[in-house]
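The following exercises concern one chain and its ligand. Please work through each task with the structure displayed before reading the solution.

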Amino acid sequence: QVLEGPITIDIKDLTYTYDAAAGPVLDHLNLTFKAGEKIAVLGRSGSGKSTLLNLLRGDLSPQSGAIEMNGIPVTQFGDDIAKYIGVLQQTPYLFHTSILNNLHIGNQDATEEEAWDALERVGLKDLVAALPEGLETMIDEAGLRFSGGERHRLALARLILQDAPIILLDEPTVGLDPITEQALIQTFFSTLSDKTIIWVTHHLQGVQMADRVIFIEDGHLTMSGNPEAL
Ligand code: ATP
Ligand code: MG
């Protein structure tokens, strides 16, 4: 499957159930995300936000309804989905290899120059340039030589190199202090300004930066609107 031009995401009458006894987690959900739109997705713990992101990535298949990109169900893309959708998890995954290799995971063809450029855009260029081994510096398993905020910014640099038009952020700032969180979200939105961003968060902090805020409750959309209306 190959998509050209701006991508519209259509969620059509989507229902997803893990366990019939517990009932549907998402129940006949209808939503459209336009290319370049920044959407904050709010909802209580267990309301189905992460489930929705997994469905968007085609990692789960809905029991009924569909999610389509320009009319094609996301479940039909297989591994090619990575060309269109990038994900930043709550705890960004760093591998026990060099900084450069970690950045290359998003895009094997990225040059060192592009890697430095991505690091500059997330504000890590000086930090990495000051390391004796620069881009070849090894990252230990948990990425412990970096602070939580730095790990998120490294993962963001990887996303910049991946250059997918749609970015899913699943509570990417959990565990950070409010000021660092605000700064990171601002960095995400400005560095990825041309991308569609679907940002799952559990609180209102920073949502005014989004174009639209949606609330999910009991499997349904209970509000969708401009953040100023909150
Ligand atoms: P949080 O804000 O805590 O991350 P969430 O909105 O992301 O919550 P989900 O992780 O999507 O919520 O979970 C929605 C519901 O589905 C919850 O009741 C959860 O227990 C259930 N659930 C999630 N994953 C599974 C699974 N693999 N098997 C069975 N039930 C699941
Ligand atoms: Mg979740």
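**Exercise 1.** Determine in which sense β1 and strand β4 (residues 64-69) pair, and over how many bridges.

*Solution.* The model is a predicted one.
- Step 1: β1 and β4 run antiparallel to each other, and five bridges join them.
- Step 2: One position can be checked directly, since Thr-15 has Ser-64 in β4 as its bridge partner.
- Step 3: Strand β1 (residues 9-16) also pairs with strand β2 (residues 26-33), in the antiparallel sense and over five bridges.
- Step 4: In this second pairing, Tyr-16 stands opposite Leu-26 in β2.

**Exercise 2.** Establish the strand order of the six-stranded open sheet, and identify the strands that stand at its edges.

*Solution.*
- Step 1: The order is β6-β7-β8-β3-β9-β10, with mixed pairing.
- Step 2: The edges are taken by β6 (85-88) and β10 (220-225); each has a single partner strand, so one side of each lacks a neighbour in the sheet.
- Step 3: From one strand to the next, the twist averages 20 degrees.
- Step 4: Within this order, β3 follows β8; strand β3 (residues 38-42) and strand β8 (residues 196-200) are parallel and share four bridges.
- Step 5: Ile-39 stands opposite Ile-198 in β8.
- Step 6: As a general matter, strands of a sheet pair through backbone hydrogen bonds, in either the parallel or the antiparallel sense.

**Exercise 3.** List the residues around ligand 1 and divide them by class.

*Solution.*
- Step 1: The residues around ligand 1 include the run Ser-45, Gly-46, Ser-47, Gly-48, Lys-49, Ser-50 and Thr-51.
- Step 2: Tyr-18, Asp-19, Val-25, Gly-43 and His-202 are also among the residues around this ligand.
- Step 3: By class, the shell comprises two nonpolar, eight polar and two charged residues.

**Exercise 4.** Explain why the radius of gyration of the chain agrees with that of a compact globule.

*Solution.*
- Step 1: For 230 residues, a compact globule would have a radius of gyration near 17 Å.
- Step 2: The chain has 18 Å, which agrees with that expectation.
- Step 3: The C-alpha trace spans about 55 × 40 × 35 Å along its principal axes.
- Step 4: Of the 230 residues, 37% count as buried.
- Step 5: Among contacts in the chain with a separation of 6 or more, 70% involve residues 24 or more positions apart.
- Step 6: The chain contains seven helices and ten strands.

Technical notes. Residues are numbered from 1 along each chain as its sequence is written. Chains are lettered from A and ligands numbered from 1 in the order in which they are written. This is a predicted model: local features need pLDDT of at least 70, side-chain atom pairs count only at pLDDT 80 or more; totals for chains, interfaces and linings use all residues. A residue is near a molecule or strand if its C-beta atom, placed from the backbone, lies within 6 Å of it. Ala, Val, Leu, Ile, Met, Phe, Trp, Tyr, Cys and Pro count as nonpolar, Asp, Glu, Lys and Arg as charged, and the others, Gly among them, as polar. Two strands pair if DSSP finds at least two bridges between them. Helices (H or I, at least four residues) and strands (E, at least two) are DSSP runs, numbered from the N terminus. Axes are lines fitted to C-alpha atoms, for helices over the stretch in contact, and angles run from 0 to 180 degrees between N-to-C directions. The radius of gyration is taken over C-alpha atoms; the globule rule is 2.2 Å times the number of residues to the power 0.38. A residue is buried if 20 or more other C-beta atoms lie within 10 Å of its own, exposed if 12 or fewer, and partly exposed in between; C-beta atoms are placed from the backbone. Two residues are in contact if their C-beta atoms, placed from the backbone, lie within 7 Å.
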